[in-house]
Amino acid sequence: MTSNIFSKKLEEKDFNRLKTFIESSCGIKLSENKKSMVEGRLRKRIKALGMDGYSEYVDFVFDGGRDSIEQTYLIDVITTNKTDFFRENNHFEMMSSKILPMLSEKGGLGHHRPLRVWSCASSTGEEPYTIAMVLAEYFGVNGKFSIFATDINTSVLSTAKRAIYTEDRARDIPYELKKKYLLRSKNPDDRLVRFRPEIRSKVKFARLNLKSSHYMLPESVDIVFCRNVLIYFDIKTQEEMLNRICSHMNPGGFLFMGHSESIHGLRLPVKSYAPTIYIRD
């Protein structure tokens with residue numbers, strides 16, 4: 001039944017249906033040159049479902065009604081999740097050397113009350129666990145801080161919650177931090193590491209769609225990492241999304257953006273602190 005699936009093409013009308021759904025639900029625009037990428041990412045799922053081809057699958061996605069399980073799966077498959085430990089490391093260096101001392105001295109954050117950080121697009125967990133290690137180095141692993149990590153992709157959130165990574169994935173973590181915060185698998189042939197419970201307990205994960213009109217955050221935050229997210233949205237959506245994010249930030253809090261991103265021309269309640277780092281008015 002599935003023998004011819006890989007020779008079939010995703011028809012333009014079906015691709016347009018998928019494009020419209022992804023943009024309306026996530027804000028992500030799929031250009032024509034992404035068509036082959038979409039085909040490749042859907043093949044395995046179509047084969048697993050025993051379907052004849054893309055048209056049958058697209059009908060199946062939308063026949064289930066809004067917010068069907070398969071629509072959630074589709075979002076998981078299409079959304080990109082490129083991340084590494086200590087990615088764009090100068091942000092973490094700036095946080096340790098300048099921003100944490102400022103917040104700690106000015107508001108007693110990390111001492112009198114918890115410092116709260118939000119990782120907006122946490123993917124498989126590398127960013128929030130990197131933040132957790134940086135904060136543990138500054139405040140101590142039992143210091144007063146917490147990290148709220150969100151992503152639209154349920155699959156990557158499951159990976160992040162497990163906090164288990166291959167040694168190859170963990171290669172960018174400095175050796176001294178590996179010794180302090182990571183546990184090796186009992187079987188060395190597995191070549192797996194897992195974050196210690198005291199680090200895992202500092203990070204709470206939840207599904208959140210940045211395109212939503214309301215964000216359900218438990219508390220306002222002092223630092224936001226929203227890196228390498230804007231590139232997927234148009235200017236109007238960028239401004240709306242970042243204003244919603246800023247509404248959950250405490251005055252004097254810090255917003256970290258990706259190195260390839262710019263907020264030039266956007267009306268936001270922030271001012272520049274350093275390249276791709278902004279402070280909330």
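**Close-ups of strand 7 and Leu74**

Close-up A. Phe225 and its partner on strand 8. In this predicted model, Phe225 on strand 7 has Phe256 as its bridge partner in strand 8. That pair belongs to a wider match-up: strand 7 and strand 8 (residues 249-257) run parallel and are joined by five bridges.

Close-up B. Strand 7 meets strand 1. Strand 1 (residues 115-119) also pairs with strand 7 in the parallel sense, here over three bridges. To find your way around, start at Val117 and look across to Ile223, its bridge partner in strand 7.

Close-up C. Strand 7 under cover. Strand 7 spans residues 221-226 and is mostly covered. Count along the strand and you get six buried residues out of six.

Close-up D. From strand 7 to strand 8 by way of a helix. Helix 10 (residues 235-246) joins strand 7 and strand 8 in a β-α-β unit, and this unit is right-handed. The two strands of the unit are parallel partners.

Close-up E. Leu74 and its surroundings. Leu74 sits in helix 4, which covers residues 69-78. Leu74 has a relative accessible area of 0%, so it counts as buried. Look past the neighbours within four places in sequence, and Leu74 is in contact with Leu18, Phe21, Ile22, Leu42, Tyr57 and Val61.

Close-up F. Leu74 and Val58, a spacing check. How far apart are Leu74 and Val58 in space, C-alpha to C-alpha? The distance is 9.9 Å, with their positions 16 residues apart in sequence.

Methods:
Residues numbered from 1 in each chain as written. Predicted model: local features only at pLDDT ≥ 70, side-chain atom pairs only at ≥ 80, totals over all residues. Heavy atoms only, no water. Buried < 20%, exposed > 50% of the residue type's maximum accessible area, 1.4 Å probe, protein only. Helix = DSSP H or I, 4+ residues; strand = E, 2+ residues; numbered from the N terminus. Pairing = 2+ DSSP bridges. Right-handed = clockwise from strand over helix to strand, strands pointing away. Contact = heavy atoms within 4.5 Å.
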